[in-house]
Amino acid sequence: MPQESYDLKLRAREQLKGKWLQAGIVSFIVWLLTIAFTEGNVDMIHSVQFIWHNGELINVPATNNLTRLADLLSFILIGPITLGVSGYFLKLVRQEGPIIEDMFGGFKFFLKAFVLDLLMTIFIILWSLLLIIPGIIAALRYSMAYYIMIDNPQLSAFEALNRSKLMMVGFKSELFSFWLSYLGWFLLGVITLGIAFLWVTPYYETAKANFYQDLKDYL
C-alpha cells in the first residue's frame with residue numbers, strides 16, 4: 001500500500017537527484033502551454049508591454065480575442081499534456097530514463113485524453129454542486145485515471161475512470177492527507193508569483209506518481 005506522505009516525499013527527492021532541471025523544464029513547458037496565456041496572465045503581459053514601450057501607464061481598451069483563444073487552446077491541450085506529463089513522471093519513478101519529449105506522449109492518444117479530462121471536469125463539477133466535500137471526494141476518486149490510461153492505453157476514458165474509482169476504494173483519505181502535506185509548498189508557489197512552482201511541481205508530481213505505483217503494486 002502507499003507509504004506515508006513523508007516517505008513518498010523522501011523517495012521523490014532521491015529520484016529527482018540529477019533530474020531537477022529537466023523536470024523543472026517540463027513543468028515550465030506545461031505552464032507555458034496551458035496557463036501562461038490564459039486570461040489573467042495575458043492581461044498582465046499586455047500591461048507590461050505597454051509600459052515598456054511608452055514609459056507610462058495608461059488605460060487601454062481591453063481586447064478579449066487573444067485571451068479567448070488562449071483559454072480554448074488550454075481547454076483542448078490540458079488533457080493530452082496531463083497524460084504525457086503523468087507518463088513522464090511514471091518513467092522517472094520507474095527509473096526508465098524519461099526525456100522531455102515524453103511529456104508530449106499524450107498526443108498519441110489525443111481524443112482519449114481530451115475526453116478523459118472533459119469527463120473528469122464534468123463529474124467533479126457536478127458533485128461539487130451538491131457540496132464542496134462530494135467534489136473533493138470525486139477528485140480523489142478519479143485521481144489515478146491518467147496513470148491507469150498510461151499503463152493501459154487500450155482503455156476508454158470511461159474505463160480508466162472506473163478503474164481509478166475501484167483503485168481508490170479505501171485509499172482516498174491517504175491521498176487527501178498527501179495533498180494536504182503539500183499545501184504549504186503550494187502557498188510558497190503563490191507567494192513567489194509562481195517561481196517556486198518550478199521546484200514544487202516536479203516534487204509533487206514525482207511523489208504522486210510514487211503513490212500510484214505503490215497502490216498498483218499493492219493491489
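I195 counts as exposed in this predicted model, because its relative accessibility of 62% lies over the 50% that marks an exposed residue. The residue is found in the loop between α10 and α11, and although I195 and F28 are 167 residues apart along the chain, their C-alpha atoms are separated by 9.6 Å. The loop that holds I195 also holds L193, since both are placed between α10 and α11, with α10 covering residues 183-191.

L193 has a positive phi of about 60° although it is not a glycine, and at 80% relative accessibility it counts as exposed. A positive phi is worth a remark because most residues other than glycine have a negative phi. Q95 also has a positive phi, of about 55°, and is not a glycine either; this residue is found in the loop between α4 and α5, where a relative accessibility of 70% makes it count as exposed.

The table sets out the accessibility of five residues discussed in this report.

| Residue | Element | Relative accessibility | Class |
|---|---|---|---|
| S27 | helix α2 | 9% | buried |
| Q95 | loop between α4 and α5 | 70% | exposed |
| L193 | loop between α10 and α11 | 80% | exposed |
| I195 | loop between α10 and α11 | 62% | exposed |
| D214 | helix α11 | 12% | buried |

Turning to the chain as a whole, the protein has 11 helices and 0 strands, and read along the sequence its pattern is α-α-α-α-α-α-α-α-α-α-α. Of the 219 residues in the chain, 38% are buried. Among contacts between residues at least 6 apart in sequence, 72% join residues at least 24 apart.

D214 gives a worked case of such a distant pairing, for D214 and Q3 are 211 residues apart in sequence and yet 7.4 Å apart in space, C-alpha to C-alpha. D214 belongs to helix α11, and its relative accessible area of 12% places it among buried residues because the cut-off is under 20%. Which residues, beyond the neighbours within four places in sequence, is D214 in contact with? They are M1, P2, Q3, L8 and R11. Two of these partners are joined to D214 by its side chain: the side chain of D214 reaches the backbone nitrogen of Q3 at 3.4 Å, while a polar contact of 2.7 Å joins the side chains of D214 and R11.

S27, in helix α2 (residues 20-34), is a second buried residue, with a relative accessibility of 9%. Once its neighbours within four places in sequence are left aside, S27 is in contact with T201 and P202.

A further group of buried residues lies in helix α6 (residues 132-141), where G135, A138, L140 and R141 are buried. These buried residues of α6 pack against α5, α8 (157-167) and α9.

The largest pocket has a volume of about 1200 Å³ and is lined by 36 residues, of which V30, I35, I78, T82 and E205 lie nearest its centre. The elements that give two or more residues to this lining are α2, α3 (39-54), α4 (65-93), α5 (110-130), α7 (145-151), α9 (172-181) and α11 (197-218). How many residues of the lining are nonpolar, polar and charged? The lining of the largest pocket divides into 24 nonpolar, 9 polar and 3 charged residues.

Finally, the record can be set beside the model. An unreviewed UniProt entry lists residues 20-38, 72-93, 114-140 and 176-200 under "transmembrane region", and such annotations may be inferred rather than shown by experiment. In the model, residues 72-93 are 100% helix and 0% strand, with end C-alpha atoms that lie 32 Å apart. Residues 114-140 are 96% helix and 0% strand, and the end C-alpha atoms of this span lie 19 Å apart.

Note on methods: Residues numbered from 1 in each chain as written. Heavy atoms only, no water. Helix = DSSP H or I, 4+ residues; strand = E, 2+ residues; numbered from the N terminus. Buried < 20%, exposed > 50% of the residue type's maximum accessible area, 1.4 Å probe, protein only. Contact = heavy atoms within 4.5 Å. 1 Å grid on protein atoms, 1.4 Å probe; cavity = no way out; pocket = protein on both sides within 12 Å on 5 of 7 lines; lining within 4 Å. Points joined across faces, edges and corners; volume = space filled by probe spheres on them. Nonpolar A, V, L, I, M, F, W, Y, C, P; charged D, E, K, R; others polar. Polar contact = N/O pair within 3.5 Å; in protein donor to acceptor, adjacent residues only side chain to side chain.
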